[in-house]
Amino acid sequence: MARIPHALAARSLIALSTALAACGDDTAPAGGAGGAGGEGGAGGAPEVLEPLPDVLGALAFEDLNDDPRVVEVELVARQSSWAIVDGEQTTVLAYNDQLPGPLLHARVGDQVIVHFTNELDEPTVIHWHGLRISDQMDGSPMIQDPVQPGETFTYDFVVPDAGTFWYHTHFEQIEQLERGLYGAIVVHEDAFPHFSAERIFVADDIRLTEDNQVAAFNNSGPDVGMGRVGNTLLVNGRGEPNELAIPSGAIERWRVVSSHNSLAYGLQVEGADVRVISTDGGLLPEPFEL
Ligand SMILES: [Cu+2]
């Protein structure tokens with residue numbers, strides 16, 4: 001059982017929202033308690049919108065669009081380097097030179113426009129894991145041609161459900177995903193509950209060599225059949241343990257994304273009570289204790 005290497009300094013309550021890696025099995029649309037999205041931003045009197053709370057732990061995209069119901073961003077995939085381990089640069093494939101890629105942060109019903117450029121020297125395509133959107137926008141190589149090196153594609157969709165989701169490559173996934181092509185998505189409810197803070201933890205594992213580079217990939221064997229398990233646990237792109245100090249009595253909402261290729265484990269939080277309030281299907285009718 002692996003544990004996310006974060007510990008709390010004081011007794012607090014954590015409200016947990018999760019998005020689990022189950023790509024390929026996500027046949028059912030996310031049901032449950034998410035808000036029903038409209039077409040987002042259409043006509044009528046201007047809405048007065050409460051600003052979305054910051055989601056700590058991830059760098060968010062810069063929103064290039066003034067319309068509060070449109071999130072418009074630029075996304076570039078390319079080879080980059082990232083300090084997974086202190087003082088060492090690991091060559092990775094990254095979105096906007098970040099590991100994980102920037103947080104896509106929206107409100108249920110928002111229109112999302114992503115201007116994507118592939119600066120890799122191989123094709124790639126993006127899957128928006130858990131979002132109920134058109135196949136034409138969802139990165140399935142069966143339906144959507146991969147974006148070739150040097151080419152661009154504009155993803156344009158409305159986010160119909162609130163929840164914690166993620167985006168990732170859907171091309172040569174065993175290798176491209178392991179090398180770093182993933183990021184988190186947070187879609188807030190229309191009337192979202194308020195907390196002392198909101199945080200996101202994007203968890204991954206990666207197999208590094210002694211000189212902190214991504215280990216070579218096998219073409220056969222369990223790594224291919226089962227997905228490869230790494231030797232270094234990552235939280236938000238960092239392989240070093242990190243302690244969080246939270247004031248006693250604080251009530252925080254934590255969102256956890258599992259972007260592991262294969263690794264399965266239990267999750268423990270020390271020093272706080274944890275209630276699971278939602279999954280990638282949205283808010284639960286009743287929270288339960290972790
Ligand atoms: Cu997926």
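**Close-up views of the strand pairings**

**View 1. An open sheet of 4 strands with mixed pairing, arranged in the order 4-3-6-8.** Strand 4 (90-95) and strand 8 (152-158) stand at the edges of this sheet, and each has a single partner strand, so one side of each is left without a neighbour in the sheet. With direction ignored, neighbouring strands of this sheet are turned against each other by 20° on average. The model shown here, as in the other views, is a predicted one.

**View 2. The parallel pairing of strand 3 with strand 6.** Strand 3, which covers residues 70-82, and strand 6, which covers residues 111-118, are joined in the parallel sense over 8 bridges. One residue pair that can be located in this view is Glu74 and its bridge partner in strand 6, His115.

**View 3. A second open sheet, in which 4 strands follow the order 5-10-9-7 with mixed pairing.** The edges are formed by strand 5 (101-107) and strand 7 (126-129), each of which pairs on one side only. The average turn between neighbouring strands of this sheet is 20°, again with direction ignored.

**View 4. The antiparallel pairing of strand 9 with strand 10.** Strand 9 spans residues 163-169 and strand 10 spans residues 182-188, and the two pair in the antiparallel sense over 6 bridges. His168 can serve as a point of reference in this view, since its bridge partner in strand 10 is Tyr182.

**View 5. Strand 7 at the edge of the sheet, alongside strand 9.** Strand 7 and strand 9 run antiparallel and are joined by 4 bridges. His127 stands opposite His168 in strand 9, and this is the His168 that has Tyr182 as its bridge partner in strand 10. Along strand 7, Ile126 and Trp128 point one way, whereas His127 and His129 point the other way. Although strand 7 is an edge strand that pairs on one side only, these residues, Ile126, His127, Trp128 and His129, are all buried.

**View 6. The hairpin that connects strand 14 to strand 15.** Strand 14, made up of residues 272-279, and strand 15, made up of residues 282-289, run antiparallel and are joined by 4 bridges. The hairpin passes from strand 14 to strand 15 through 2 residues. Within this pairing, Ser278 of strand 14 is found opposite Leu283 of strand 15.

Definitions and conventions: Residues are numbered from 1 along each chain as its sequence is written. This is a predicted model: local features need pLDDT of at least 70, side-chain atom pairs count only at pLDDT 80 or more; totals for chains, interfaces and linings use all residues. Two strands pair if DSSP finds at least two bridges between them. Axes are lines fitted to C-alpha atoms, for helices over the stretch in contact, and angles run from 0 to 180 degrees between N-to-C directions. A residue is buried if 20 or more other C-beta atoms lie within 10 Å of its own, exposed if 12 or fewer, and partly exposed in between; C-beta atoms are placed from the backbone.
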